[in-house]
2 protein chains.
Amino acid sequence: MMNDFSFQNTTKVHFGKEALSKLSSEVIKAGHRVLLVYGGSSIKRFGLYDRIISELKKEDIEIFDYDLVKPNPRHTDINIGGRMCRDNQIDAVIGIGGGSAIDSAKAIAALAKADTDNCWDLVTAKKPIIDALPIYAVPTMASTGSEMDASCVISNLETEEKTGFNGPGVRPTCSFEDPTTTYSVPAYQTACGAVDIMSHTMDTKYFSRDDKMDMLYRMMDEHLRTVVKWAPVAVREPENYDARANLMWAAAWALNSFMTCGVRQLPSVHAMEHELSAVYDITHGHGIAVLTPRWMRYILNEETAPQLARMAYEVYDIDRETPVMEAAEKTIECTEKLFFETLGLKSRLSDFNIDDSRFEEMAKNACGKNGVIYGFVHLTPEDVVNIYRMCL
Amino acid sequence: MMNDFSFQNTTKVHFGKEALSKLSSEVIKAGHRVLLVYGGSSIKRFGLYDRIISELKKEDIEIFDYDLVKPNPRHTDINIGGRMCRDNQIDAVIGIGGGSAIDSAKAIAALAKADTDNCWDLVTAKKPIIDALPIYAVPTMASTGSEMDASCVISNLETEEKTGFNGPGVRPTCSFEDPTTTYSVPAYQTACGAVDIMSHTMDTKYFSRDDKMDMLYRMMDEHLRTVVKWAPVAVREPENYDARANLMWAAAWALNSFMTCGVRQLPSVHAMEHELSAVYDITHGHGIAVLTPRWMRYILNEETAPQLARMAYEVYDIDRETPVMEAAEKTIECTEKLFFETLGLKSRLSDFNIDDSRFEEMAKNACGKNGVIYGFVHLTPEDVVNIYRMCL
């Protein structure tokens, strides 16, 4: 019997080539003093920064810059952003960039309204964030779906932890999704983003013990098909609008709670990957790509085969007459081929100069306080070490 | 090139067997004085009314009853409800029932906050409703999707008009969707509801000139497949939870703006049907069922055939090798078979004792001020009369 669920997603999205033209009229609703949260130089190099400044000037919005965003945002950087908000009476925070920028904006917005000046206190409190400055998002990558989602992931380099917090307060008020802003995303980042999108559907929902609602299961099939179809196009033709638009909207809908309805299971591959990027600081989507097919192979058995096989039939167009176990193997092969050949991602941890020296400690952390990842197939630390080893 | 769009849907939904257990904790957020909006006796006969009263008593909520809901709600009845809200300082309105009950609740909630006491003024003003009392919905049918949607349809029997208004103010704050409340829906109403759900996807989106986003187009395929699969089950086995749950969630997602993203076209079949039910007071979904296959046949040509054919391949499992025009014909045949055989709906207007005496006047109204229905294929009043005649 399918589980009961609750669904709500309040984020307003303006989507398309003119999405940014709505920026000032939305942001001014929150106030006149705005913190822009971004990193690196690419948003300046490609003109997006200037575009945003000129849009915000339409409403005489005063702009403050936080340009410290890095991949896997650190709690110490967030603390600086929180202080900037307090010192400058900031009314709203705009995250511009990939998941790291938007997650940084969320964490800063929450910290600005918290009764601590250390962002890690919000992580350890494990309470949903209710109050935060209004958050706006301008995603420039199709990847995490943070732009419609009520959570953020923060890294603590001192403790080598990568975790986060969530709550209605950190769901963006409004996001501005212009697929053309992703034209400049390099093939490598496009590929990593596509893997992350697929994983958001596969890791908790598509492969799960929960009895799935037929309509949502079918929509997951099509969500995965969308990424399988358009990610290779975006890698090959970076200025293909259809490819970029489909990936961008697929990213948002992978993580905005729609397809999760009724799913209570926790993600396995994400739990294992967070240890990889916490310890070795590798790109999240690439870590997911390396782990996913090995995880599939490790958990494949008579009981899990039908769900893996469904992906072969419905997503990879494998003949429906193919026997279940064989079809499940096909899913693994097609996924490897997609990630490591078509999308061109390196397939082994040894390609990152990662060896097995820290696997046991990482596996223990991935399994957390319970000592088990309660996923599609429950994984003990020993299982996790085995899967890490398969990736070497 | 696909159109830009904006998306936002703020309604919170509690879905499942225990959805109603959340009723009092949600409603109390709006206040202590609540108007229940319902009609007929079925909600009392099947115990739902008592269940709701006992839930609301958990928070000592004071209850006022408006039991005037009828199919195709009349503006004069809404005016009575608006007056009840003002006279009793009502804090929130709960619509319990099908689309008519929820639409009545919306119209009453808007009228309670308007500077007129005539609901028809809100229709003729043609302005989005911003301010209204908080609206809660307990749908007891899978049909209109009014429970997540920001519009309502009201009939004026004096002028024989059926139209409505919309705006963020009339989007339900929270809906409580318990599939078991639809177990008692008779086969006829279940069938009419299923047709309405399918039509919400087909009438503006699936069959449209707008360049559709691939992901959404695929999700429409699956949305339609869901109804095609589960509606006959619900008709046969009224207490099949999976069937009722899939239809209920499909109803909400057909009309909650998700699949409409980027679609600007107006509905054709709905425009023609509103005249039928305005003049003859027939059940909306049945009117849609009678009109849809005839409309498909009337507009079928070389240009429209590929979109009709897609439904054959993707929804009705017709062999993909079937030539396009033949597949388009198959779509019409399968739709007729589904509506008039499997779901058992009568297929002709003459079954309702409707003759052609008022077709010209109805066609003129359906085409409105522009004199044309700007749909998938633009329809003149002459076209509309021809389609009505095909239904005799």
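At roughly what angle do the axes of helix α7 (residues 187-206) of chain A and α8(A) cross? They cross at roughly 170° and come within 10 Å; the view of this helix pair is described in Figure 4.

This is a predicted model, in which local features need pLDDT of at least 70, side-chain atom pairs count only at pLDDT 80 or more, and totals for chains, interfaces and linings use all residues. Residues are numbered from 1 along each chain as its sequence is written, and chains are lettered from A and ligands numbered from 1 in the order in which they are written.

**Figure 1. Chain A as a whole.** Chain A holds 15 helices and eight strands; helices (H or I, at least four residues) and strands (E, at least two) are DSSP runs, numbered from the N terminus. Its radius of gyration is 20 Å, close to the 21 Å that the globule rule gives for 392 residues, so chain A is as compact as a globular protein of that length. The radius is taken over C-alpha atoms, and the rule is 2.2 Å times the number of residues to the power 0.38. The C-alpha trace of chain A spans about 65 × 45 × 40 Å along its principal axes.

**Figure 2. The contact between chains A and B.** In this interface, 32 residues of chain A are in contact with 32 residues of chain B (C-beta atoms, placed from the backbone, within 7 Å). On the chain A side, β1 (5-15), α8 (214-236) and α9 (241-254) are the elements that give two or more residues. The largest share, nine residues, comes from β1(A). By type, the chain A side divides into 14 nonpolar, nine polar and nine charged residues. Here Ala, Val, Leu, Ile, Met, Phe, Trp, Tyr, Cys and Pro count as nonpolar, Asp, Glu, Lys and Arg as charged, and the others, Gly among them, as polar.

A turn of 180° and a shift of 0.0 Å along the axis lay chain A on chain B with an RMSD of 0.0 Å. That is the relation of a two-fold axis. The C-alpha of A:Thr10 is the one in chain A nearest the axis, 2.2 Å from it. Both copies use the same surface, as 100% of the contact residues of chain A recur in chain B. Superposition is by least squares on the C-alpha atoms of residues with pLDDT of at least 70 in both copies.

**Figure 3. The sheet that runs through both chains.** Twelve strands form an open sheet with mixed pairing, in the order β3(A)-β2(A)-β4(A)-β5(A)-β8(A)-β1(A)-β1(B)-β8(B)-β5(B)-β4(B)-β2(B)-β3(B). Strands pair if DSSP finds at least two bridges between them. The edge strands, β3 (62-66) of chain A and β3 (62-66) of chain B, each pair on one side only. On average, neighbouring strands are turned by 25° against each other, direction ignored. β1(A) pairs with strand β1 (residues 5-15) of chain B in the antiparallel sense over seven bridges, and A:Val13 stands opposite B:Phe7 of β1(B). Within chain B, strands β2 (residues 33-37) and β4 (residues 92-97) run parallel and are joined by four bridges; B:Val34 has B:Ala92 in β4(B) as its bridge partner.

**Figure 4. Helices α7 and α8 of chain A.** α7(A) and α8(A) are roughly antiparallel to each other; angles under 35 degrees count as roughly parallel, over 145 as roughly antiparallel, 65 to 115 as roughly perpendicular and the rest as oblique. Axes are lines fitted to C-alpha atoms, for helices over the stretch in contact, and angles run from 0 to 180 degrees between N-to-C directions. Among the contact residues are A:Ala191, A:Ala194 and A:Met198 of α7(A) and A:Leu224, A:Val227 and A:Ala231 of α8(A). This contact divides into twelve nonpolar, three polar and one charged residue.

How values were computed:
Contact = placed C-beta atoms within 7 Å.
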